[in-house]
Amino acid sequence: MSTTAGVTQPRLLLPIALALAVIRGSSMPWVTIRTFSGNQRNYDLTDIKGGVAIVVTITFVVMIGVIVGVFKRLTGMTIMSLGVAALGWMAAISGMLLTLLWSLIPSVNVAGLDLARATLSQGSGVVVTVVSSLALAFMVVRQLEPVRSYAPSTHIAALPIIILLPIIAIAVSMHSEWLRLGSDDANVQALIAGDALYGSGLVVLGLWLSVGLWIGALMINRPLVIMVACGLTFLVAVIVEMYALLVWAGGNALDWLVPAKLERWTTVSMEPQLFIVLIAAGFVALMSILGFVPKIQRFQINLGTRVKSTSGLWYSDVLGGVVFVLVVASFVLDLV
Amino acid sequence: MAGLLTYIAIFAMTSIWILGWMGLSVVIGSFFDLPLKTVSLVGATLGPLGFMVTIMLGILESRKEEFYETETVKAKVDDDPFGDLFK
């Protein structure tokens, strides 16, 4: 926050970095289809007709937001946030609709592929786009009354941070492979992602809602918000843990968890992501129960607004710089 | 042509989603007497999450108001200003 004539204004670097992260997310995989021949196909927004025009339009809106933000900080951030929110919701709706539909009705054709012979899941682009757009939206919303009166400016609540990190790890791992199945007779290999299991579409929805609620709890640090987030997170974490335990237990559970059955699977190998989910979901469930204890809700990390009270380096700028470098690095790596 | 139609369809779908959640948040926000500007932006940018945030904000704000609740005391009004003179 910078102070000009007694009025606190948010810094501009972090919102710009988050908006760039959202735009970068649109060219990362949104939908991943893994065929039983062991192939993997990724689709992002630019793959569909008119997709590039959508990205260009959003970028244009963000640029207008940046220019306005130089003169009128909050108005500019609001324009940026509305622009990237559109992109964030496009990612969320498309990904969730597809995975939700497929996790309930597996025999659908997508992009000419019979999904009874493949698994479908959300890609990493959805994670980047949704998390960045939600973070930017909360940055805008926290400047407005009455949210401002509930938003801490000199400290961060510890519980939301402690739960957010493993829950994002679960969300990311849900979209990656848990199991690798092979059949020597049919010469096929199936990669089973966490969100490719029956009914997991609804669990993924719950996971994302939990992520959003904990970002909200960071901004509106009140027991009511924390308790609602704890309740939902506990429910979701227990269901995810059950999924992971069933897959880990393997054996007969695979017969009804894996939607498409080709031949008898002869080799079953578990991927590290499955164990990440097992440990993280257990930890999150435990922390969600502890989150109902008022003493634990009050734990906080005191920061202030600047790295050193005498320096001109703001925490917001440091975080914005890190996000900016990561976005540029991923873009360069993609080009190389 | 297909690209243009997809462009319009996707933006229309996203606009309906954003405006829909904004509308729902405004309805809930007005129920709790929350500022319209805040509630509109919360609903538009945060979608279903904004709807939940609005409900929680409303509950928090209405709890705050409980401390300032006024009590109406029935005041004794003498309808006959000269009544005392004739007692």
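Let me start with helix 4 of chain A, residues 124-141, where 17 of the 18 residues are buried, so that this helix is largely enclosed by the rest of the structure. Please keep in mind throughout that what we are looking at is a predicted model. From its first C-alpha to its last, helix 4 of chain A reaches 26 Å, which is close to the 26 Å expected at 1.5 Å a residue.

Helix 8 of chain A, residues 223-249, has 27 residues and spans 37 Å between its first and last C-alpha atoms, close to the expected 39 Å. Its buried residues are A:Val225, A:Ile226, A:Ala229, A:Cys230, A:Thr233, A:Val236, A:Ala237, A:Val240, A:Glu241, A:Tyr243, A:Ala244 and A:Val247. As you follow that list along the helix, it may help to recall that an α-helix has 3.6 residues a turn, so residues three or four places apart point the same way.

Now to the packing around helix 6 of chain A, and I will take its two partners in turn. The axis of helix 6, residues 158-174, comes within 10 Å of the axis of helix 7, residues 200-219, and the two cross at roughly 155°, so these helices of chain A are roughly antiparallel to each other. The crossing of helix 6 with helix 7 in chain A is left-handed. On the helix 6 side the contact includes A:Pro160, A:Ile163, A:Leu164 and A:Ile167, while helix 7 contributes, among others, A:Val204, A:Leu207, A:Trp208 and A:Trp214. By class, this contact has 15 nonpolar residues, one polar residue and no charged ones.

The second partner is helix 10 of chain A, residues 272-290, whose axis comes within 9 Å of that of helix 6, with a crossing angle of roughly 145°. Here too the crossing is left-handed. Among the residues that make this contact are A:Ile162, A:Ile163, A:Pro166 and A:Ile167 of helix 6, together with A:Gln273, A:Ile276, A:Phe283 and A:Met287 of helix 10. The class count for helix 6 with helix 10 is 13 nonpolar, three polar and no charged residues.

Let me turn to chain B, which has two helices and zero strands. Of the 87 residues in chain B, 25% are buried. Among the contacts in chain B with a separation of 6 or more, 47% come from residues 24 or more positions apart.

One position in chain B that I would like to look at is B:Gly43, and the question is whether B:Gly43 is buried or exposed. B:Gly43 counts as buried because 27 other C-beta atoms lie within 10 Å, where the cut-off is 20 or more. B:Gly43 sits in helix 2 of chain B, and its C-alpha atom is separated by 7.5 Å from that of B:Leu24, 19 residues apart along the chain. Leaving aside residues up to four places away in sequence, B:Gly43 touches B:Trp21, B:Met22, B:Leu24, B:Ser25, B:Val26, B:Gly50, B:Phe51 and B:Thr54.

Finally, how do the two chains meet? In this model, 26 residues of chain B are in contact with 31 residues of chain A. Two elements of chain B, helix 1 (2-31) and helix 2 (36-66), each give two or more residues to the side that touches chain A, and helix 2 gives the most, with 15 residues. By class, that side of chain B has 18 nonpolar, six polar and two charged residues.

Methods. Residues numbered from 1 in each chain as written. Chains lettered and ligands numbered in written order. Predicted model: local features only at pLDDT ≥ 70, side-chain atom pairs only at ≥ 80, totals over all residues. Helix = DSSP H or I, 4+ residues; strand = E, 2+ residues; numbered from the N terminus. Expected span 1.5 Å × (residues − 1). Buried ≥ 20, exposed ≤ 12 C-beta atoms within 10 Å, placed from the backbone. Contact = placed C-beta atoms within 7 Å. Nonpolar A, V, L, I, M, F, W, Y, C, P; charged D, E, K, R; others polar. Axes fitted to C-alpha atoms, helices over the stretch in contact; angles between N-to-C directions. Parallel < 35°, antiparallel > 145°, perpendicular 65-115°, else oblique. Left-handed = near helix turned anticlockwise from the far one by under 90°.
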